Structures are given as structure tokens and as C-alpha cells.
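Thanks for coming. I will go through one structure today, starting with a helix and then turning to the sheet.

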Amino acid sequence: MNTEIKIHDGVFDKKWVDDLAFHLSTNVSYIADNIAGRKSWPYGHTGTHRLMGRFFYKYNDWKDVTIYQKEWFTDLAKAIEYLNPNLELREIYANIQFMGMNGSFHVDGDKDYKVYILMLTTEDNTTGGEFFVKDGDTVPFKHGRVLEFSGDVVHKAHAFNEPNSPRFSIKFGGYEKSRR
């Protein structure tokens, strides 16, 4: 296994993970504003393709979430603190992918930026949904799995191979408090 990626399984209770996936599928609106491979100037509105996503938290700024959603994502902040109490959280972002909405290789930050990806779904018996490290390993999708890596790791994720099966991923990003 690639030493750039740490895999955490069984960190969160299955009921909590299932409830979170259900919440993401029924109470969250997504927009196609996640532009992969941005190449235009000055706004970066042109790229290779778009995915559907939603920012929930961007460094001390809760976005336009309802009180109900804010409770969930305050809970997410507590969850990542449980996993890494030394992380200064900078963002929480959710993606949703359906069949045909495969990602492209990208980085999420610099070498000091810590990234955690929580994999979720509401479906049973899905195939696909892998996480790929460029010139490295393929990590199979597993509901509730958390991936940890530095922001400069080149990676992408694929959707499931079944129509109408959502693949959710929640990205937590930040810096180690001891490094700032």
C-alpha cells in the first residue's frame, strides 16, 4: 500500500455513518460548481468537467446552511477532531458523484495541508467508487472509510458503476496546530 495514504476503517459508528449518508442524500442541495482542471482566467470557470458539491465550512465561515444542517456539520467538526485533535480545520466540503461523473487527477493543497476524505453511500452492493493515487495505489471504496494524506498527493475518485447510486465524499482539510 502507498505510504502517502493512511486508511482508517471503523473509526465512526455505523449508525452515525448511515445517518450522515442519509442526511447528505435528502437534506443537502448540491450545485455543479466543483470545476476540475480549472484553466481559464481570472475566475477559473472553465475546466475539464464539473462535479456536484457543497461547501459547508471555509475557515471560520459557516456557509448558508440551515440550523439543522449546521448541527450536522458541527458534528462533523467534532468527528474530525476525534480523528485528529491537533488539526486546525480549514474546510469541510462534500461531493456527490453518480455514474459517469469520474474525477480527474488533482491536488488539494501543499505538503503541509492535511486532507481527510470520508467515503459514504446510501446504497448496498455497489461496484466502483475507487480512490486513485497518480502513479500509485488504488483504494477500494468502503462505506465509512477515512483516507488521510497530505494536500500535495495527486489523486482522483471514480463514481460507482451503477446508475442512480450516489457516491459521497466529505473532505476535511487543515493544518496541524503544531506546524503553524
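A definition to begin with: the expected span of a helix is 1.5 Å times one less than its number of residues. Keep in mind that this is a predicted model.

Now apply that to helix 1, residues 14–26. With 13 residues at 1.5 Å a residue, helix 1 should span 18 Å, and its end C-alpha atoms are 18 Å apart, which agrees.

Which residues of helix 1 are buried? They are Trp 16, Val 17, Leu 20, Ala 21, His 23 and Leu 24. These residues cover an arc of only 160 degrees around the axis, so they sit on the same side of helix 1. On the other side of helix 1, the exposed residues are Lys 14, Lys 15 and Phe 22.

Where does helix 1 lie? It lies across strand 5, residues 113–121, and strand 10, residues 167–176. Relative to strand 5, helix 1 runs at about 85 degrees.

That brings me to the sheet. It is open, has seven strands in the order 1-8-5-10-4-3-2, and its pairing is antiparallel. The edges are strand 1, residues 6–8, and strand 2, residues 31–36; each has a single partner strand, so one side of each is left without a neighbour in the sheet. From one strand to the next, the twist averages 30 degrees.

Last, one edge in detail. Strand 2 pairs with strand 3, residues 49–58, in the antiparallel sense over four bridges. Within strand 3, Leu 51 is the bridge partner of Asn 34.

That is all from me.

Definitions and conventions:
Residues numbered from 1 in each chain as written. Predicted model: local features only at pLDDT ≥ 70, side-chain atom pairs only at ≥ 80, totals over all residues. Heavy atoms only, no water. Helix = DSSP H or I, 4+ residues; strand = E, 2+ residues; numbered from the N terminus. Buried < 20%, exposed > 50% of the residue type's maximum accessible area, 1.4 Å probe, protein only. Arc of directions from axis to C-beta. Pairing = 2+ DSSP bridges. Axes fitted to C-alpha atoms, helices over the stretch in contact; angles between N-to-C directions. Contact = heavy atoms within 4.5 Å.
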